[in-house]
Amino acid sequence: MHDDTVRCGVHSGQQYQTFDDVLDLWRRAEDAGYDWVSVFDHLRPHLFAPDGPCFEGPTLLAALAARTTRVRCAILVSAVSWRHPALLANIASTVDHISGGRVELGLGAGSQDLALTQYGLPFPRAAERLRRLEETCHVIRRLWEQPVADYRGAHYRLVAARLRPRPVQQRLPLTIGGSGERHMLRIVAEHADTWNSVFTPPEPYARKRDALARHARELGRDPASIRGSLTFRAVLGEDRGDVAERRGRIAATVPEDLPEYAVFGTPEECVEQLVPYLGLGVRDFLLGLRPPVDHRTLRLFAERVAPVLRAAL
C-alpha cells in the first residue's frame, strides 16, 4: 500500500546571519504544524551577493535536528560532487540517530554555486554528474541496508564496506531532485522514494510525471510508489493591496526569482493553484522561504492552506 499522506513543509535554506535566526524559523514551523523542514546544500549563496551568509548544510541540519522534536528533517538536495557517497551515507545515518529517525536525504546532480569559483571546486560535465548520482544511490543504499557492502562502479568502489550504526529508520527515504526527462527521471524512477521538482505549471509538470511513470514501468516499478514533491514560493495576504506591495519589494531585489512563485494572493487563491497537483501525484508541498522571513505567509499557509490540501484526498 502506498503512502498517500499529504505533507506540508518549509524549505528554509540556510542563508541566515546567525544560527538563532534559522533555529527560530524551524521552531516556528514545527509549532505551526508543518510536517517537514529542510535546508539546501549550496556551499556559497547562489541568490544573494557573493559575500552573503550561507551555513554548511549537513552540519546545520544536525544542529537543527537536535533542537526539534517532530518535523521531518531534510536536506534538499545534496550535490554528488561535494562528498564521497560513503561519507554522505554516514552523515545521514548519524543525523538520523540525532533526530530519532526523522531524516530524509535529498540527492541531486548539482547546479551552479559560487563556491565553484570562490573555492576552486571541481564541477564535472553533466553526463558525469548524472553517472555519479546513479552510483551514489547504489553506494548509499548498500551501506544503509547491507551488513557488508561491495560495489564497483566507474567512480566509486566499496570493498567489504561497513557502516555502523545503520540508520534508525528501516528505510531512510531518498529524495532526488531534477527534471531531465531522458536521464534524470530514469534515475529517479529506479532509486527515489520521492521526486522533487521546483514549481512548474501543471501542464509541463504532468508531462514530466508521465515520463517518470514510463521509466518506472520499464524498470518494473509502480509509478504510484514514487511520491511527488513540489518546492515553491508564495506571498499570501488577506487582501490584494498588501500582497501587491510585498510583491513589489521582492521584484525589486530578485526579479529572476519570480517564476518560482506559485501565487501572489490570498490563501484561498493558493489552494486553488495547488490542489490540481494532487491529481498529478504531488504529496509534499514545500514552501520556500528565505530571509527576511515572511512570517505572514508562513502563518497563513499553515492555518488556511495546509489543512485544505491534507483533507483534499
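Ser-38 sits in strand β2 of this predicted model. With a relative accessible area of 0%, Ser-38 is well under the 20% cut-off and so counts as buried. Its side chain still has a polar partner: a polar contact of 2.7 Å links Ser-38 to the side chain of His-11. Beyond its close sequence neighbours (up to four places away), Ser-38 touches Val-10, His-11, Ser-12 and Gly-13, and also Trp-26, Ala-74 and Leu-76.

Strand β2 turns up again in the surroundings of helix α2. Seven of the 10 residues of α2 (residues 57–66) are buried, so this helix is largely enclosed by the rest of the structure. The buried set is made up of Gly-57, Pro-58, Leu-60, Leu-61, Ala-62, Leu-64 and Ala-65. These residues pack against α1 (19–31), β2 (36–39), β3 (72–79) and α3.

Just past this helix comes Val-71, in the loop between α2 and β3. Loop or not, Val-71 is buried, because its relative accessible area is 0% and the cut-off is 20%. The C-alpha atoms of Val-71 and Asp-35 are 5.1 Å apart, although 36 residues separate the two along the chain. Leaving out residues up to four places away in sequence, the contacts of Val-71 take in Glu-30, Tyr-34, Asp-35, Trp-36, Val-37 and Arg-102.

Helix α3 (residues 85–99) is home to Leu-88. Leu-88 has a relative accessibility of 6% and therefore counts as buried. In sequence, Leu-88 and Ile-140 are 52 residues apart, yet their C-alpha atoms are separated by 7.7 Å in space. Ile-140 is also a direct contact of Leu-88, as are Ser-78, Arg-83, Leu-105 and Leu-107, with neighbours within four places in sequence set aside.

Leu-105, one of those contacts of Leu-88, has a prominent place in the nonpolar interior. The largest nonpolar core holds 81 residues, and Leu-105, Leu-274 and Phe-301 touch the most other members. In soluble globular proteins, nonpolar side chains tend to be buried together. Phe-301 reaches widely along the chain: its contacts, not counting residues up to four places away, are Cys-8, Tyr-34, Phe-232, Leu-236, Cys-270, Leu-274, Leu-287, Ala-306, Pro-307 and Leu-309. There is also a second, separate core of five residues, including Val-243, Ile-250, Tyr-261 and Phe-264.

Leu-274 and Phe-301 also appear where two helices pack. The axes of α9 (residues 267–274) and α10 (residues 295–311) come within 9 Å and cross at roughly 35°, and the crossing is right-handed. From α9, the contact draws on Pro-267, Glu-268, Cys-270, Val-271 and Leu-274, while α10 supplies Leu-300, Phe-301, Arg-304, Val-305, Val-308 and Leu-309. Sorted by class, the contact has nine nonpolar residues, two charged ones and no polar ones.

A buried charged residue is found in helix α8 (residues 240–253), which contains Arg-246. Arg-246 is buried because its relative accessible area, 6%, falls under the 20% cut-off. What does its side chain pair with? A polar contact of 3.1 Å joins the side chains of Arg-246 and Asp-242. Apart from residues up to four places away in sequence, Arg-246 touches Val-235, Leu-236 and Gly-237, together with Asp-294, Arg-296 and Thr-297. Leu-236 is a contact of Phe-301 too.

Finally, a few backbone oddities. Most residues other than glycine have a negative phi, and most peptide bonds are trans. The bond joining Leu-76 and Val-77 is cis, with omega about -10°, and Val-77 lies in strand β3. Leu-76 is also one of the residues touched by Ser-38. Another cis peptide bond runs from Pro-291 to Pro-292, with omega near -5°; Pro-292 belongs to the loop between β11 (282–288) and α10. As for phi, Ala-160 has a positive value of about 45° although it is not a glycine. Ala-160 lies in strand β6 (residues 157–161) and, at 37% relative accessibility, counts as partly exposed.

Conventions: Residues are numbered from 1 along each chain as its sequence is written. This is a predicted model: local features need pLDDT of at least 70, side-chain atom pairs count only at pLDDT 80 or more; totals for chains, interfaces and linings use all residues. Side-chain values use heavy atoms; hydrogens and water are left out. Helices (H or I, at least four residues) and strands (E, at least two) are DSSP runs, numbered from the N terminus. Buried means under 20% relative accessible area, exposed over 50%, partly exposed in between (1.4 Å probe, protein chains only). A polar contact is a pair of N or O atoms within 3.5 Å; within protein, one must be able to donate a hydrogen and the other to accept it, and residues adjacent in sequence count only if both atoms are side-chain atoms. Contact means heavy atoms within 4.5 Å. Axes are lines fitted to C-alpha atoms, for helices over the stretch in contact, and angles run from 0 to 180 degrees between N-to-C directions. A crossing is left-handed if the near helix is turned anticlockwise from the far one by less than a right angle, and right-handed if clockwise. Ala, Val, Leu, Ile, Met, Phe, Trp, Tyr, Cys and Pro count as nonpolar, Asp, Glu, Lys and Arg as charged, and the others, Gly among them, as polar. A nonpolar core is a set of buried Ala, Val, Leu, Ile, Met, Phe, Trp, Tyr and Cys residues joined through side-chain atoms within 4.5 Å.
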